[in-house]
Amino acid sequence: GLAAKLAIIDNGQSATPGSRHADVRSGNLIILSALNDTDSIDVKVEVINSIDGTPVRKASSVLSGEGTSAVNITDENGISILRFKKTDFDMEAGEGYLDLEVKANGFQDYANEYAVKLVG
């Protein structure tokens with residue numbers, strides 16, 4: 001009976017989601033006035049396992065705010081490119097922020113409300 005209980009306890013601990021971290025690698029400031037309406041704005045996001053620093057594959061990365069959003073999945077290197085155009089943003093003020101949310105199976109959700117700053 002004790003062995004069965006220990007097996008259940010061990011399975012419960014290994015089922016705990018791991019932690020991960022995400023960084024915006026392309027810079028976290030976008031100056032919209034410096035761009036043409038047709039210019040592509042690529043935001044590179046890297047997702048890594050917080051414990052051992054290994055890349056997290058197939059993590060869903062979402063940047064959203066100011067009237068738009070972009071979604072992509074990380075590759076084998078934990079990299080995801082999120083693409084926008086200047087005209088995608090509906091900014092009423094002179095500046096705003098994009099919120100980053102990352103989700104992956106086996107990991108805790110990650111969020112950063114101020115991941116990228118936009119300046120008109």
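Two residues are in contact when heavy atoms of theirs lie within 4.5 Å, and of the contacts in this protein with a separation of 6 or more, 56% are between residues 24 or more positions apart. The model is a predicted one, in which local features need pLDDT of at least 70 and side-chain atom pairs count only at pLDDT 80 or more, while totals for chains, interfaces and linings use all residues. Residues are numbered from 1 along each chain as its sequence is written, and side-chain values use heavy atoms, with hydrogens and water left out.

The secondary structure consists of one helix and eight strands, where helices (H or I, at least four residues) and strands (E, at least two) are DSSP runs numbered from the N terminus. Along the sequence these elements follow the pattern α-β-β-β-β-β-β-β-β.

Strands of a sheet pair through backbone hydrogen bonds, either parallel or antiparallel; here two strands are taken as paired if DSSP finds at least two bridges between them. One open sheet has three strands in the order S1-S3-S6, and its pairing is antiparallel. Strand S1 (20-24) and strand S6 (79-85) stand at the edges with a single partner strand each, so one side of each is left without a neighbour in the sheet. Neighbouring strands of this sheet are turned by 25° against each other on average, direction ignored, with the axes being lines fitted to C-alpha atoms and angles running from 0 to 180 degrees between N-to-C directions. Five antiparallel bridges connect S1 with strand S3 (residues 40-49), and Ala 22 has Val 47 in S3 as its bridge partner.

Strand S7 has pairings of its own: five bridges join strand S4 (residues 60-65) to S7 in the antiparallel sense, with Glu 101 in S7 as the bridge partner of Val 62. Seven bridges join S7 to S8, and these two strands also run antiparallel, with Leu 98 standing opposite Val 116 in S8. S7 and S8 form a hairpin with six residues between them, and in the turn Gly 106 has a positive phi of about 85°.

Buried residues, meaning those under 20% relative accessible area (exposed is over 50%, partly exposed in between, with a 1.4 Å probe and protein chains only), make up 29% of the 120 residues. A nonpolar core is a set of buried Ala, Val, Leu, Ile, Met, Phe, Trp, Tyr and Cys residues joined through side-chain atoms within 4.5 Å. The largest such core has 24 residues, of which Val 43, Leu 63, Phe 84, Phe 89, Leu 100 and Val 116 touch the most other members. The elements giving two or more residues to this core are S1, S3, S6, S7 and S8. Leaving aside residues up to four places away in sequence, Leu 63 touches a list of residues that includes Val 43, Phe 84, Leu 100 and Val 116.

The structure also holds two aromatic pairs, for which rings of Phe, Tyr and Trp (its six-membered ring) must have centres within 6.5 Å, planes under 30 degrees apart counting as stacked, over 60 as edge-to-face and the rest as tilted. Phe 84 and Phe 89 form a tilted pair, 5.3 Å centre to centre with 35° between the planes, and both are buried. Tyr 97 and Tyr 114 form an edge-to-face pair, 4.9 Å centre to centre with 85° between the planes. This pair links Tyr 97 in strand S7 (residues 95-103) with Tyr 114 in strand S8 (residues 110-119), 17 residues apart. Tyr 97 counts as partly exposed because its relative accessibility is 33%, whereas Tyr 114, at 54%, counts as exposed.
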